[in-house]
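Q: Please take a close look at one helix in this model, and at what surrounds it. I would like to know how it ends, which of its residues are buried and what they pack against.

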Amino acid sequence: MAPVGAATTLLVEQLQAEQLSITAADATVMALGIHGDTGSLTYQHSTVRDAAALTWLMTQGANQRAIADYTEPGFSQPLKDLLLPALEQLHSQSVQGYKVGWVLLTSADYCPGLSSLTAQLMVLTESDCLLLGHAYPQKSGQQRLSVIGRSRIEGVDLNTLLQPLGGGGHPRAAAVTLRTESPSTVLADLVAGLRAQVPAPLAAAALMSAPVRTILPTTTIDQARRLLLRYGHSGLSVVNDQGQLEGILSRRDLDIALHHGFGHAPVKGYMTAPVKTITPETGLPEIEEMMVTFDIGRLPVLDQGQLVGIVTRTDILRQLHQLKHAARPQGQQLVRSSIQGRLRSLLPQALQNILAKAASAASQQGWQLYLVGGAVRDLLLADLHQPLPLPELDLVVDGVDSPRTEAAGVELARSLQKIYPQTGLQIYGQFQTAALIWPPGPGGSSFTVDIA
């Protein structure tokens with residue numbers, strides 16, 4: 001009906017709209033409903049509207065002591081009797097790296113408080129998702145089955161899972177009660193539907209940084225130290241002339257070599273080898289497990305023997321943070337977009353050609369080329385349905401440290417002028433930057449590419 005944590009919140013909002021007052025007992029019961037459905041505002045689906053409803057109920061005299069007694073009632077004896085069988089009979093399976101559990105319990109009569117038992121089982125078994133079924137006999141010969149679901153998996157919707165059977169709730173917490181001759185079959189079908197809902201985890205291809213900054217085995221420790229300081233990395237991948245990974249040089253390896261005065265020595269004597277690696281298809285849970293098990297801060301990504309990227313602890317922490325804070329209030333969604341896709345959609349073909357030729361020229365020299373500045377901002381903010389005229393492009397070329405008569409930016413600008421002889425070239429000697437200026441077009445405005 002609405003994106004709130006508790007149905008009671010909707011009722012409270014209607015009461016407020018009608019300016020109606022309620023008794024303290026009614027306010028207490030309604031507050032308990034919100035506390036129960038939102039885990040006292042701790043569940044992820046809790047909203048500001050639920051908190052506002054609780055505030056209003058307090059003004060109507062909701063009894064906080066009674067709420068405290070009933071929100072943490074403790075286990076009744078029937079629930080205690082079910083806890084040990086539940087732990088002994090619980091089935092668990094790893095699905096896409098998540099722990100999914102289910103159990104079917106039976107007793108002679110209805111047992112209230114099964115939602116508390118489900119929540120406790122989630123904690124005790126460290127399950128990411130759990131279905132608890134409870135069946136007891138009816139006079140008709142059928143059995144009454146209650147199924148309660150709890151989930152911490154983003155993408156799993158327990159409400160959708162249980163609705164076809166007449167149940168429902170929230171994506172993270174839902175329940176259903178029905179009559180059936182075969183409770184085990186019903187629960188098995190629900191478990192199969194749950195497995196199908198569990199999303200595949202992000203793979204290394206979506207998490208990795210690329211391209212990877214690499215060094216040769218013959219690079220000296222001093223040279224490697226300068227690279228780490230310059231780029232703020234905590235390690236470097238060591239590859240041979242064929243681009244195949246041979247080892248990893250961490251800051252710790254570097255410190256050991258420098259401590260013993262071997263700054264002149266090649267890194268091949270201090271790098272870590274062999275290296276734990278992953279593929280572009282390796283999932284996030286497996287990457288986490290490898291990093292924790294082997295105390296690794298970075299995992300190179302190999303595709304057919306070639307180094308195509310690297311996943312670091314920082315990448316994993318950033319992703320886990322995003323998953324934890326995935327639901328943001330409207331208007332606070334982070335801007336996430338493919339810059340390359342926007343380049344193709346928004347830039348005129350002539351500008352795309354210039355960027356492609358600049359990238360090709362830089363690549364031939366072993367340099368990395370970046371688009372920076374206002375163009376990136378404009379690409380992120382632009383309307384996808386409108387062409388984006390840009391008066392200039394700002395590029396930064398990351399040239400290899402080596403003796404040169406001119407800076408890499410100037411050298412790249414000269415190579416581009418050979419392709420576009422109609423342009424004017426300006427070189428700023430003090431900073432060794434360059435600008436290529438195209439003559440005014442039909443609209444009377446010129447176009448500039450600044451290269452640093």
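A: Start at the end of the helix: directly after α2, Gly-39 has a positive phi of about 60°. The model is a predicted one, and the values here are computed from it.

The helix before that glycine is α2, residues 24-38. Its 15 residues, at 1.5 Å a residue, should span 21 Å, and the C-alpha atoms at its ends are 21 Å apart, so the expected and computed lengths agree.

The buried residues of α2 are Ala-27, Thr-28, Met-30, Ala-31, Ile-34, His-35 and Thr-38. Buried here means under 20% relative accessible area. An α-helix has 3.6 residues a turn, so residues three or four places apart point the same way. The list of buried residues in α2 can be read with that in mind: it includes Ala-27, Ala-31, Ile-34 and Thr-38.

These buried residues pack against three helices: α1 (7-17), α3 (48-59) and α4 (64-71). Two of those partners, α1 and α3, also meet one another: their axes come within 9 Å and cross at roughly 55°. Because the angle is neither under 35 degrees nor within 65 to 115, α1 counts as oblique to α3. The crossing of α1 and α3 is left-handed. On the α1 side, the contact is made by Thr-9, Leu-10, Val-12, Glu-13, Leu-15 and Gln-16. On the α3 side, Arg-49, Asp-50, Ala-53, Trp-56 and Leu-57 take part.

For comparison with the buried residues of α2, consider a residue of another helix. Leu-187 lies in α8, residues 183-197, and counts as buried because its relative accessibility is 4%. Leaving out residues up to four places away in sequence, Leu-187 touches Trp-102, Val-103, Leu-104, Leu-131 and Val-147. Its C-alpha atom is 9.3 Å from that of Leu-145, a residue 42 places away in sequence.

A loop residue gives another case. Ser-107 sits in the loop between β2 (98-106) and α6 (114-125), and at 26% relative accessibility it counts as partly exposed. A polar atom of the Ser-107 side chain lies 2.8 Å from the backbone oxygen of Asp-109. Beyond its neighbours within four places in sequence, Ser-107 is in contact with His-134, Ala-135, Tyr-136 and Pro-137. For Tyr-136, which is 29 residues from Ser-107 along the chain, the separation between C-alpha atoms is 5.4 Å.

Terms used:
Residues are numbered from 1 along each chain as its sequence is written. This is a predicted model: local features need pLDDT of at least 70, side-chain atom pairs count only at pLDDT 80 or more; totals for chains, interfaces and linings use all residues. Side-chain values use heavy atoms; hydrogens and water are left out. Helices (H or I, at least four residues) and strands (E, at least two) are DSSP runs, numbered from the N terminus. Buried means under 20% relative accessible area, exposed over 50%, partly exposed in between (1.4 Å probe, protein chains only). Contact means heavy atoms within 4.5 Å. A polar contact is a pair of N or O atoms within 3.5 Å; within protein, one must be able to donate a hydrogen and the other to accept it, and residues adjacent in sequence count only if both atoms are side-chain atoms. The expected span of a helix is 1.5 Å times one less than its number of residues. Axes are lines fitted to C-alpha atoms, for helices over the stretch in contact, and angles run from 0 to 180 degrees between N-to-C directions. Angles under 35 degrees count as roughly parallel, over 145 as roughly antiparallel, 65 to 115 as roughly perpendicular and the rest as oblique. A crossing is left-handed if the near helix is turned anticlockwise from the far one by less than a right angle, and right-handed if clockwise.
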